[in-house]
Amino acid sequence: MRNKNMCFIPLATTAVVAIVLLLTGSHLATAADQPSMANSEIKIDNFTFGPQTVTVPVGATVTWTNKDDIPHTSVSTDGVFKSKVLDTDEKFSYTFSKAGTYSYYCTIHPKMTGTIVVK
Amino acid sequence: MLEKKQDLIDQNLQDLNNDGVDRRGFLKCMAWAGTGLVWTLNGGIPVSRAFAKDHSQDAGKRADFSFVQISDSHIGFNKPANPDVTATLQTAINKINAMPNKPDFIIHTGDLSQLSKPSEFDTLDQVLKGASAKQVYFVPGEHDMLSDNGEQFLERYGKGTKGTGWYSFDHKGVHFVGLVNVANLKAGGMGSLGHEQLEWLEDDLHGRSASTPIVLFAHIPLWTIYPDWGWGTDDSEEALSYVKRFGSVTVLNGHIHQIMQKVEGKVSFHTAMSTAFPQPAPGSAPSAGPMKVPADQLQKALGITDVNYVVSGRSLAIVDSPLGA
């Protein structure tokens, strides 16, 4: 019974935090429409780039982080960008200065593909 | 546990069959970790067994010769799936050295290192120096060609090879061909041999008697095991078309860290266990990658499956004999 009560309080707190986050989230979404912000993070996990397709404004920096126990790379198919080999938890960033659609893949595990759309 | 895994594999194979990828294929055996395979050439027919087995009943007494395949040592890997891959490679070498029938040589089917670092290759060399079989043949895995397009691998292990490291040699009447299918991989694709290597292979096999036993070895499987994880080679069919006329063809691969086998006509396909860590059975996890098992199971898993090939008419029959319960 006591435990139940104890659970209740954190839950209520979580709900409040969630509401605050929701409000902040909608505020951020408005900000993202402006091209000056909206850098993007891509997580490499379970041999997958996530999210697989990312849309960013011109000038945005995209950062890849390898969360796998196996090294990966992030290399554009037409040679625009090329990471070094990323071991676990290593990062690679690239700033997109031109609009366009950039396909990329992991040269070690070429089944892993992704797309960056720069608008 | 093993049976369950077997069911899963059979099911996956069934799926492949439905895709029309491997219609005639059948698969009888898999295990997910271990140390290596012993190959015995007997009248030109390779016979394999996991080498932690009691060798007293070894069918290789009349063997012409034997060799050992090891694979996927991943020296430099230090994650929870196996914090000491050097020790498990050493265990593999110790087992090779304890074999009553001394193998003529060792074949390492790639991923010697985790990150192609000089120190990793140094450690591998150091451990392999202790092997009773002094001759070791290598092909690179994708981990051996990181960042420098395999230059260092070629310098160390690929002297006298062609292209990105392919070559062939003859041993006591058997023709061995080491192929590289981890270089210049294309986005969205699987392993790749490439036009230049295929031309070389066709030329290399040209004019050889159809009765010559052929052994092809490469890192990534030369048959499509699980395309979603890239476990196959895009242009392997062309390579296999060159060996169709031969009476005995054995294809040895690594990469997937588990034993899988298939016999198609006169061609037997085998993938080896890793000396470093197991990987999940195809489709049984969100992705490929190091699979953590309890430490005692990793050790127990070394050589848990005994694989024998028994000549049966024109094709080979495979008997799955797991060790222990």
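A residue counts as exposed if 12 or fewer other C-beta atoms lie within 10 Å of its own, and as buried if 20 or more do. Between these limits a residue is partly exposed. Keep those cut-offs in mind. The model is predicted.

Start with helix 3 of chain B, residues 118-129. On one side of this helix, Pro118(B), Ser119(B), Gln126(B) and Lys129(B) are exposed. The buried residues are Glu120(B), Phe121(B), Leu124(B) and Leu128(B). Viewed down the helix axis, the buried residues fall within an arc of 95°, so they line one face. The spacing fits a general rule. An α-helix has 3.6 residues a turn, so residues three or four places apart point the same way. What do the buried residues of helix 3 of chain B pack against? Their partners are helix 2 (85-97), strand 5 (136-138) and helix 4 (151-157), again of chain B. The length of helix 3 can be checked too. At 1.5 Å a residue, its 12 residues should span 16 Å, and the end C-alpha atoms are 16 Å apart, which agrees.

Next comes the nonpolar core. The largest one holds 79 residues. Leu179(B), Leu216(B), Phe217(B), Ala218(B), Leu222(B) and Val251(B) touch the most other members. Helix 2 of chain B gives this core its largest share, 5 residues. Take Leu216(B) as a way in. Not counting residues up to four places away in sequence, Leu216(B) touches Val177(B), Leu179(B), Leu222(B), Val243(B), Val249(B) and Val251(B).

Val243(B) leads on to another residue. Leu205(B), in helix 5 (residues 195-205) of chain B, is in contact with Tyr242(B) and Val243(B), leaving aside neighbours within four places in sequence. Leu205(B) and Val243(B) are 38 residues apart along the chain, yet their C-alpha atoms are separated by 7.7 Å. Is Leu205(B) buried or partly exposed? It has 19 C-beta neighbours inside 10 Å, so Leu205(B) counts as partly exposed. The cut-off for buried is 20.

Met291(B) has 20 such neighbours inside 10 Å, and therefore counts as buried. Met291(B) lies in a loop of chain B, between strand 11 (267-271) and helix 7 (295-300). Outside its neighbours within four places in sequence, Met291(B) is in contact with Ala81(B), Phe277(B), Pro278(B), Gln279(B) and Pro280(B). Trp200(B) is another matter. Met291(B) and Trp200(B) are 91 residues apart in sequence and 37 Å apart in space, C-alpha to C-alpha.

Now cross to chain A. The two chains meet through 19 residues of chain B in contact with 19 residues of chain A. On the chain B side, these residues divide into 10 nonpolar, 6 polar and 3 charged.

Chain A has 1 helix and 8 strands. The helix comes at the N-terminal end of the series, and the strands follow. Of the 119 residues of chain A, 25% count as buried. Among contacts in this chain between residues at least 6 apart in sequence, 46% join residues at least 24 apart.

Strand 4 (residues 61-66) of chain A shows how the strands pair. What lies on each of its faces? Val62(A), Trp64(A) and Asn66(A) form the covered face, while Thr61(A), Thr63(A) and Thr65(A) form the uncovered one. In a regular strand the side chains alternate between the two faces of the sheet. Strand 1 (residues 40-45) of chain A runs parallel to strand 4, and 5 bridges join them. In that pairing, Ile42(A) stands opposite Trp64(A). Strand 6 (residues 91-95) of chain A is also joined to strand 4 by 5 bridges, but runs antiparallel. Here Val62(A) stands opposite Tyr94(A).

The loops of chain A hold some backbone details. Asn46(A) sits between strand 1 and strand 2. Phi of Asn46(A) is near 50°, a positive value in a residue other than glycine. With 14 C-beta neighbours inside 10 Å, Asn46(A) counts as partly exposed. Asp89(A) lies in the loop between strand 5 (75-76) and strand 6. Its phi is positive too, near 70°. Asp89(A) counts as exposed because it has 9 C-beta neighbours inside 10 Å. Last, look at the loop between strand 2 (48-50) and strand 3 (53-56) of chain A, where Pro51(A) is found. A cis peptide bond joins Gly50(A) to Pro51(A), with omega about -5°.

Definitions and conventions:
Residues numbered from 1 in each chain as written. Chains lettered and ligands numbered in written order. Predicted model: local features only at pLDDT ≥ 70, side-chain atom pairs only at ≥ 80, totals over all residues. Helix = DSSP H or I, 4+ residues; strand = E, 2+ residues; numbered from the N terminus. Expected span 1.5 Å × (residues − 1). Arc of directions from axis to C-beta. Contact = placed C-beta atoms within 7 Å. Nonpolar A, V, L, I, M, F, W, Y, C, P; charged D, E, K, R; others polar. Pairing = 2+ DSSP bridges. Core = buried A, V, L, I, M, F, W, Y, C linked by C-beta atoms within 7 Å.
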